Amino acid sequence: MRNSIAVTLVWILFLPAGVSAGAQKPGTNVNEQYPVESVELAGVSQTKISKPLHEDMQKMVGEKFNQERANEIAKKLRGELNDYSVTMKVKRGDKAEHVKVVFAAERTWYKRFEAPLPLVVYHSKEGFSGSLDIAIKAHQSVFAFGLVDTADELLERYAGYRLRYENRKIATDRLQFRLNFDSYHQSFNAATQQALTSAPDVPGVYRARQDFASSLSVLPYRDLKLSAGTSFVRLQIQYPQPHTTTAYAGTAGVQYRHRTVSASGLRQNFKFDYGLRTATRTLESDYVYTRQLVSADYTLAKRRHLFGAHFMAGNIAGIAPLFERFSLGNSFTLRGWNKFDVAPMGKTRLAYGSLEYRHRDFQLFYDVGSVWDKGQDSRVRHSLGIGFASRDGFFASLAFPVRLHNVTPIFMLGFRN
Amino acid sequence: MTSNQKILMMIGFAAYACAQLQAQPNPLTVMRQGNHLLITAPQLHFLDGKPLEQLHNGASVTYIFSLTLEPGGASAFHLQRRFIVSYDLWEERFSIIQAEPAGRTASHLAAAAAESWCLENMQIPLPALKPDNRFVVRLQCTIEDAEQNEIGAGLTLAGLIDVLSRKKREELPRWEAASGTLRLSDVKGKEETGDSGQETVEKPHPRRY
């Protein structure tokens, strides 16, 4: 009995194609008597869709219009053009008694600002890191639940869950609202704990971190997003006695995305991000600091060649908790260096640059960067690497620190979406 | 009561009267032809608005008609028909297929003729009525929800979540017409006008497309 209930539930939930209720029968549209003169995809470049789908579309040309088939193609287009809405229109053709089929795609802007999240990364110094996010999209709202266990991003390894609610259209699609709740448990590398013993002015480790953040974003035009919000972080500190400290901050951000494709096939992609967090007594924060981070990425591609330049700079004024401090030497910055060798408890200044060249999936890169504290000399470090980076997100890299001794390569492997 | 209050009250009454008028169904005329009652509703225009826009974009739209006969408030007779309407982009004429029960088709129809054709196929058999009973004929029309069908076609977890969490969809258009209270003996026979216009109504099949 229990098995049959389970089977029924599975059938209900995962049956890929159930009974078609009221599906359009062939031959019910009077325009099906007319041959298709042309099939057009408007509002988006043909290069955005797969070759088989493009071929399917073109197969309609010369044949009599078939609404059912056209509906199927529209459905496939919606599947491939994730950040577009697709509608179909049939128009009179230029030739008598012929029709044109137009699939009109309209970009839903907000998706270009979604941050890519690492799924699984193996780093030979840090071990495995991973995250799994399940998002449920319902019209303009997104509800997401994620599980995280990562040592790649910050000085700490943190594991826990995150919840997100996002409304991408508050009256207009130029106004968006977002709520986040993250809850993590931390563990710190021995090198970090050791370094902290000799730096009393740097805040200590904590065993749990919770963040409740909200933000309101405006998209004055399609490439630009401006955000402002709040972030209420609570840290559970175990030593010398258990207590909670807070980092309650106001946040602001600017994101710019611009893509161009020239007639000669030259593809340019430019991204710019600026983020500001300022924790203040006004919000009853225990920590008082201002953290600014700016990053820019530029890629230039033609056919199988891609050149990329990446830049990042950051500054912290005041006393910020460990999760805010800058570090270099992970799977995406200063590859080849171990972040616990570079700065085990992070620093308050950051400058970083990277150049890469790709031919097909083969990749060569050069990273350079430094982290330091105000009033201290900065030591610039370099690294070189080779790797494989496929379009679908898989990457494998071997990176070497540029120095005269102890040149130990670091191996990285994983998926990023 | 001050003059301002009187004016406000009059505006309120006027607004209420307008709203009531707006909510009134279109008038529906009933005629007798042979063993059937025929209905007409010249003021009922369902080839209009968004569905018409869809038709002009080359898509077909399924209309669902529901006709009820209400003696003494309780529904005694119910008839439902589905008509698939499409718009010939070259001839600029409407074409209709009766989908439920399947069979009759019509083509080369202007908008008014297409609307009339649908109503002509909503006939009430006389045996459904008792000669002395009073009755009201009520007609409702809506369109088939294509979006709903798409969800039904792929009954998946994502689809269910979408259905359960989606924002209230734009309401489907709905049209209504109703007759006054009638008795069979009051219903007049249909006058033969002989006016078939330019439209040609094809008797059951063959379909030409």
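B:His36 has B:Pro125, in strand 8 of chain B, as its bridge partner. These strands are part of a predicted model, in which local features need pLDDT of at least 70, side-chain atom pairs count only at pLDDT 80 or more, and totals for chains, interfaces and linings use all residues. Residues are numbered from 1 along each chain as its sequence is written, while chains are lettered from A and ligands numbered from 1 in the order in which they are written.

Strand 3 of chain B (residues 36-40) runs antiparallel to strand 8, with 2 bridges joining them; strands pair if DSSP finds at least two bridges between them. Together with strand 2 they make an open sheet of 3 strands, ordered 2-3-8, with antiparallel pairing. Strand 2 (29-33) and strand 8 (124-125) of chain B sit at the edges, each pairing on one side only. Elsewhere in chain B, strand 7 (residues 102-109) holds B:His108. The phi of B:His108 is near 60°, a positive value in a residue other than glycine. B:His108 is partly exposed, with 18 other C-beta atoms within 10 Å.

Turning to chain A, there are 5 helices and 19 strands. Both are DSSP runs numbered from the N terminus: helices are H or I with at least four residues, and strands are E with at least two. Of its 417 residues, 26% count as buried. Buried means that 20 or more other C-beta atoms lie within 10 Å of a residue's own, exposed means 12 or fewer, and partly exposed is in between, with C-beta atoms placed from the backbone. As for contacts in chain A between residues at least 6 apart in sequence, 54% join residues at least 24 apart; a contact needs C-beta atoms, placed from the backbone, within 7 Å.

The pLDDT, which is the predictor's confidence in each residue from 0 to 100, averages 87 over chain A, and 90% of the residues score at least 70. Among the elements of chain A, strand 16 (residues 362-372) has the highest mean, 96, and helix 1 (residues 2-14) the lowest, 41. Residues 1-24 of chain A have a pLDDT below 50, and this stretch has 22 contacts in the model beyond near neighbours in sequence. Where pLDDT is low, the predicted coordinates should not be read in detail.

Helix 3 of chain A (residues 67-80) has 14 residues that should span 20 Å at 1.5 Å a residue, and its end C-alpha atoms are indeed 20 Å apart. The expected span is 1.5 Å times one less than the number of residues. Buried in this helix are A:Gln67, A:Ala70, A:Ile73 and A:Leu77. Seen down the axis, the buried residues fall within an arc of 120°, so they line one face of helix 3 of chain A; the arc is that of the directions from the helix axis to the C-beta atoms. Their cover includes helix 2 (51-59), strand 2 (84-92) and strand 3 (99-107) of chain A. On the other side of helix 3, A:Glu72 and A:Gly79 are exposed.

Further along chain A, 11 bridges join strand 14 to strand 15 (residues 349-359), and the two run antiparallel. Strand 15 is also joined to strand 16 of chain A by 11 bridges, again antiparallel. Strands 15 and 16 of chain A form a hairpin with 2 residues between them, and A:Arg360 in the turn has a positive phi of about 50°.

Note on methods: Contact = placed C-beta atoms within 7 Å.
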